Amino acid sequence: MGFFAFLILGLIAGAIAKAILPGKQGGGWIITLILGVVGAFLGGWLGGMIFGTGLQEFFSLQTWLLAIAGSIIVLLVYGMVTKRSVRS
């Protein structure tokens, strides 16, 4: 998969992950792109470690599921890191 295809995969996977998770996540499309690409890397790495398979071709269902799962994990971590405590 080429560089631009990976960026598009990350952007779409990040957007889908934001739509799946409840609540409001901050960041615009650049943050979504970065989190999606990091999530796609994480999903591919975890897929290789757990299932023995990683990211394949752009139109592979396996690639999309791993990228979205990785993006959800990254979004959850991002939400915990950027969450601000409210003091009374």
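Thr-63 is found in helix 3 of this predicted model. The residue is buried, because its relative accessible area is 0%, a value under the 20% that bounds the buried class. Thr-63 is separated from Gly-47 by 16 residues in sequence, and the C-alpha atoms of the two residues are 9.3 Å apart in space. Helix 3, which spans residues 61–82, also holds Leu-65. In contrast to the buried Thr-63, Leu-65 is exposed, since its relative accessible area is 52% and exposure is assigned over 50%. A C-alpha to C-alpha distance of 8.3 Å separates Leu-65 from Gly-43, and the two positions are 22 residues apart along the sequence.

The packing of helix 3 was examined against two other helices, beginning with helix 2. Helix 2 comprises residues 29–50, and its axis lies 6 Å from that of helix 3, with a packing angle of about 120° between the two. Helix 2 is therefore oblique to helix 3, because angles of 65 to 115 degrees would count as roughly perpendicular and those over 145 as roughly antiparallel. The crossing of this pair is right-handed. Gly-43 and Gly-47, the partners in the distances given above for Leu-65 and Thr-63, have numbers that fall within the range of helix 2, residues 29–50.

Helix 1, formed by residues 3–20, also approaches helix 3: the two axes come within 8 Å and cross at roughly 60°. Helix 1 is thus likewise oblique to helix 3, because an angle under 35 degrees would be needed for a roughly parallel arrangement and one of 65 to 115 for a roughly perpendicular one. Helix 1 passes helix 3 in a right-handed crossing.

Two further residue pairs relate helix 1 to helix 2. Leu-7 has its place in helix 1 and is partly exposed, because its relative accessible area is 25%, between the limits of 20% and 50%. The C-alpha atoms of Leu-7 and Val-37 are 6.4 Å apart, although 30 residues separate the pair in sequence. Trp-29 is found in helix 2. This tryptophan is exposed, because its relative accessible area of 61% is over the 50% limit. Trp-29 and Leu-11 are 18 residues apart in sequence, with a C-alpha to C-alpha distance of 7.7 Å.

The search for empty space was then considered. The largest pocket of the model has a volume of about 280 Å³. Its lining consists of 13 residues, and those nearest the centre of the pocket are Lys-24, Gln-25, Leu-75, Gly-79 and Met-80. By residue class, the lining of the largest pocket divides into 6 nonpolar, 5 polar and 2 charged residues. Among the residues nearest the centre of this pocket are Leu-75, Gly-79 and Met-80, whose numbers lie within the span of helix 3, residues 61–82.

Definitions and conventions: Residues are numbered from 1 along each chain as its sequence is written. This is a predicted model: local features need pLDDT of at least 70, side-chain atom pairs count only at pLDDT 80 or more; totals for chains, interfaces and linings use all residues. Side-chain values use heavy atoms; hydrogens and water are left out. Helices (H or I, at least four residues) and strands (E, at least two) are DSSP runs, numbered from the N terminus. Buried means under 20% relative accessible area, exposed over 50%, partly exposed in between (1.4 Å probe, protein chains only). On a 1 Å grid over the protein atoms alone, a cavity is a set of points where a 1.4 Å probe fits but cannot get out, and a pocket is an open set with protein on both sides within 12 Å along at least five of seven lines; lining residues have an atom within 4 Å of a point. Grid points are joined across faces, edges and corners, and a volume is the space filled by probe spheres set on the points. Ala, Val, Leu, Ile, Met, Phe, Trp, Tyr, Cys and Pro count as nonpolar, Asp, Glu, Lys and Arg as charged, and the others, Gly among them, as polar. Axes are lines fitted to C-alpha atoms, for helices over the stretch in contact, and angles run from 0 to 180 degrees between N-to-C directions. A crossing is left-handed if the near helix is turned anticlockwise from the far one by less than a right angle, and right-handed if clockwise.
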